[in-house]
Amino acid sequence: MQSVGKQKTLFSFFGKLTPGSSKSAHPASAKTAKEQKADSNEEKNCTNEESPIKMSKNGQKRRLTIIESDSECESETNIAKTNEPANEKGSPVSPIFPISKRARLSVLGLDNLSTSTPKSCKKTTLEKFCNRSTVSDQSIEVTTNEKHETSECRSESTFEESSYLNEKDNSYFSSFVADDVSFLKESSTQQRFKHLDFEFLKPEKIRDLNRRRPDDADYDARTLFVPESFLKEQTPAHRQWWLMKSQHFDTILFFKVGKFYELYHMDAVVGVKNLNLSFMKGDYAHCGFPEVSFDRFSDQLIEHGFKVARVEQTETPEMLQKRAHQELLPSKEKVIRREICRIITRGTKTYNFLETEDDNVQVSYLAALCEQNSTDKKNQIGICFVNTSVGKISISQFEDDCDYSQLRTVLASYPPVQILFPRGQLSPQMLNMFKYNLNNVDKEALIPKVQFWTAADTLRNLALDCYFGVDDRGNVDWPKALAICIDQQDLFQQTPKPQYALGISSFGAIVWYLKECLIDHDILRLKNFELYSPPATVEFGKLSSCHQPLKNRYMVLNDITLRNLDIVNFERKKSTKVTVYDEINLCKTAMGKRLLHFWLCNPLCDLQEIEQRQVAVRNLIEQAELFESLIKQLREIPDLERLLQKMHSLSIRAPNTDHPECRAVYFEADTYSKRKVADFVQLISGFAKANKLMQTVCNFASQIHSSLLQALFIRKGGAKCFPDIQSDVQYFQNAFDHETAKTIGSIIPEEGVDSALDAANQAIVHAEKQLDNYLKTIQKRLNCSSVQYLNSGRNRYNLEIPESACKNLNHEFDFRSQRKGFKRYTTKELDDLVKLLAASEADREVALKDIMRRLFASFCERKVKWYAAVENIATLDVLLAFAQYAKCCTREVCCPKFIDAIDGKTFLRLDESVHPCCGKIKTQGDYIANDVLIGSSESDTGQVLLLTGANMGGKSTLMRQVGTLIVLAQIGSYVPARNFTLSPVDRIFTRIGARDSLITGQSTLFVELRETSAILKHATIHSFVIIDELGRGTSTWDGTAIAHATLQYITYHIGCRTIFSTHYHSLMDSLAANPRIRLGHMACMVENESEGADPTEENVVFLYKLAPGACPKSYGFNAAKLAGIHTDVIKKAYAKSMYFARMEKERVSQVKEAENAKV
């Protein structure tokens, strides 16, 4: 990274600006003649990059730029803006917006994407664009846009099963045209920006870089064909921008010009619509912002779903002049070299020195998947997901059913924000699953083999790019997880094992994408890989497996269950919905919060591990002094995982590394250097605090009886024990002065830290000593102690000899200069010594220039220790959160007791239990505790609780309550209940709520039956099933029949613990005698209830208490009354209900009489 001095101007290079700009100028722009001359010279250095600096009548310069006040850069806040382009009447003119807000998906992005913009968005944008206020302050003119309601304007992207070749593709362009026309009509705009008239951008003419049209199967929407004739007409800098845009047509270019990032043409329109920027004056779209605001503006676009490319200047004006002289460039070809240093998307954030961290500590996964279909309704799925913020990569391949049950579970546990897939190679069923489960996820189709690599190509490219180094035998030093996937019989190690081929192919897509984003080395060289195996599910038809012993390590929770039970929040933005994660998230560190999220999505089934966590939590509760000390210390530990990834990225950027980031010129380099040093100091301090925390635990070793805590912190040498990092931390604490380094933004290491610097320093000391000895020799020869060295300027170390002693000099002395009473000489020996000193000083400068990176690299060499420490700290943080929840909960809590299911007899018993989120749920009174008993440890009775009750009586809440308490119990937490005893649950199924799926065209009943089908296929005797009012989406008879058959199948064929709620009272009549079914209802009190009475006079008081037996009726008319339905409607409905009841009784009576007559 290179630094240059503060630049006073914002360079622009797209032709001359339209004359007639405002004559006002900021008073601060007034400069002395000397300053103006310096500015003029600085502008001339950027050959052919015209500046928008214009001279006002008073001779002062004014800057025609673009932004409003930026709290992050107060020095840049008073920047004057140009007026908007004016029409013939003199009123402001608004441009035509050529692309939608989802331009990220590439004016053509994915093959199967369509984009639309709501009319409300257009109207809002128009009103806010036109309703501006202009404030005049002396000679300042600043226009300010109100913030756009981006959430309203954001267009939703949906997949289409059809190929790219249809009218929908052309409608992509026509939709933009329609938006522009609409905007023109509303704003009476008459001006068109230049890019709207470029022939190669028109829908009927557009082509990719290889001149393929959108109807071509190999069309690459990421690129754009720009005619050579057009490029020849552009200025060199203009041509530079278009060449980059042709390679990255789907990306917004933040193009560095001086100390500003500028956006042009279609990118500028996106910036104005989404970043509250204003167009600069001219006939082409143009806007921008200062360098120091990059993180804020890039984050806004990325959260809107755009891809952002950061384009940096990779040479200074002086370097340009030197290069132009060497290459004999003509004047019109001189332009500062620029390169794309980084492409950022939702799934590839790394939080480097230019990007400040956000408050969201949760993981944002980038995923890639592919599938291979077979004829037996089985699919092979390969998936890879990467967390770029910490550099962890997971690879998996598994067999799945036609409903993608396991894939849904994986995507629920590792929710992606961006997903890659091979274009044209996914089944229609998979695309439908995308619509239903990944509707809000950014999706990107890659060209098979070219971008979405095969497994063999992936291994070959990994070996060629040397990401992992070589071992002692000269072979690729594959990470352990990847080595397992490679067929060892292949001497070249480029053949994957068949059972991992799809997973490696998906990993290949990730590698290609990381390479496109220029962070492949940052992530892959960490070697942080794992092979992920999703929890196994039972196959339909193998009923014997339903009664197999419980062997899974983790409970299976699919996305439906996680959503229905409100376990975690699936929305990226803050939501008012209260989740279990929100209730028990008392973690103090970011690492702990991420681990808690994983534990909630993957509860344990292993009783031994569950009990280890329970004992650890109990131990922490009992040791109050230890508990308080650890809580206090954890609050001070930063996000070590993300800081480690930052340091790794910085450590691999050696000066000779072929990465554009190493050549980038930053105008705020001092600020960024201070950020790097601050992060490094924070990382060292964080591990010092972590080590202190470990010592705190060890000090209480005699009082800790938890085997888990002992394994994590006390038993040295164990596989999971906290590593010995004390000496490493002390080394880096003493390596340099931390406070001084943070102040000056650079590191001056102590002696013994860096061998190259130490060698240079020793050489300097030796050279200076030789110079001192030589001086003493000359003083002795001339018998004059007044002989001294001249220690400044170019004549450094010249001998300054009094004139009285000069008569004794011989031809060895070479005269250089003189001053009154003294003459200055040098000798050949002295010149050699000075050259030796200069060379040593140059070596020292080289060593210091790269010292920060080498120190970062030295730190990262110990990454195995660091990551082991991070894992232990995160585990302790979550256990402390459980202990704090148990101590602070407003309700009575207990430690769940687990008992193995003997002979398939599973059970669950809750006494005085409440929902874990009851403390944050707004209710009119205290939350009612309930006792629940399902199953028996002694017999096969009561496995199913058939639940009835009045509408709004609390049935669904009770069902969710039991499900969430099971999850809490199996992650090792205490639960809000007086007692909780159960046998372990291997999977929780939920069928709750009535909803259709507009995106996939599925009706309410179909959604219900699809979820029910998954239950019947995959539930085992160890599962827990929640079914809420099945059959409501069809006729009463059909719904009753479906509910009856489903309940019988679960009871007799699966035998798992189930809560089945219904309003079909005929079910109770037919199943009441079944010993495996227990009847229960949510109790209520009814006033003025009598046969034939006015239903509007009834008053139902809900008791929210589970009681045995069936509820006589559902009291639906009471719900109608509470909802405000007119009393006449309710009375007529009640009369019709009584009529239906009489008809039913008569029908039943006739059937019985007919049966008796036959007998």
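**Exercise 1.** Which strand does V1101 lie in? Place V1101 in its patch as well.

*Solution.* Start with the ground rules. This is a predicted model, where local features need pLDDT of at least 70, side-chain atom pairs count only at pLDDT 80 or more, and totals for chains, interfaces and linings use all residues. Residues are numbered from 1 along each chain as its sequence is written, and side-chain values use heavy atoms, leaving out hydrogens and water.

Step 1: V1101 sits in strand β33, residues 1099–1108 (strands are DSSP runs of E, at least two residues; helices are H or I, at least four; both are numbered from the N terminus).

Step 2: V1101 is partly exposed, at 40% relative accessible area (buried is under 20%, exposed over 50%, partly exposed in between; 1.4 Å probe, protein chains only).

Step 3: Together with M1085 and L1103, V1101 makes a nonpolar surface patch of about 250 Å² accessible area.

**Exercise 2.** Work out the order of the 4 strands in the open sheet, then add the helices.

*Solution.* Step 1: The order reads β20-β21-β23-β22, paired antiparallel (strands pair if DSSP finds at least two bridges between them).

Step 2: β20 (788–790) and β22 (814–819) each have a single partner strand, so one side of each lacks a neighbour in the sheet.

Step 3: From one strand to the next, the twist averages 40°.

Step 4: β22 pairs with β23 (residues 822–826) over 5 bridges, and D814 stands opposite T826 in β23.

Step 5: Now helix α26 (residues 755–782): α26 packs on the sheet and touches β20 and β21 (798–802) (contact means heavy atoms within 4.5 Å).

Definitions and conventions: Axes are lines fitted to C-alpha atoms, for helices over the stretch in contact, and angles run from 0 to 180 degrees between N-to-C directions. Patches are made of residues with over 30% relative accessible area and no salt bridge: like charges are joined within 9 Å, nonpolar side chains (Val, Leu, Ile, Met, Phe, Trp, Tyr) within 5 Å. Accessible areas come from the Shrake-Rupley method with a 1.4 Å probe; for residues, only the protein chains shown count as cover. A salt bridge is a side-chain nitrogen of Lys or Arg within 4 Å of a carboxyl oxygen of Asp or Glu.
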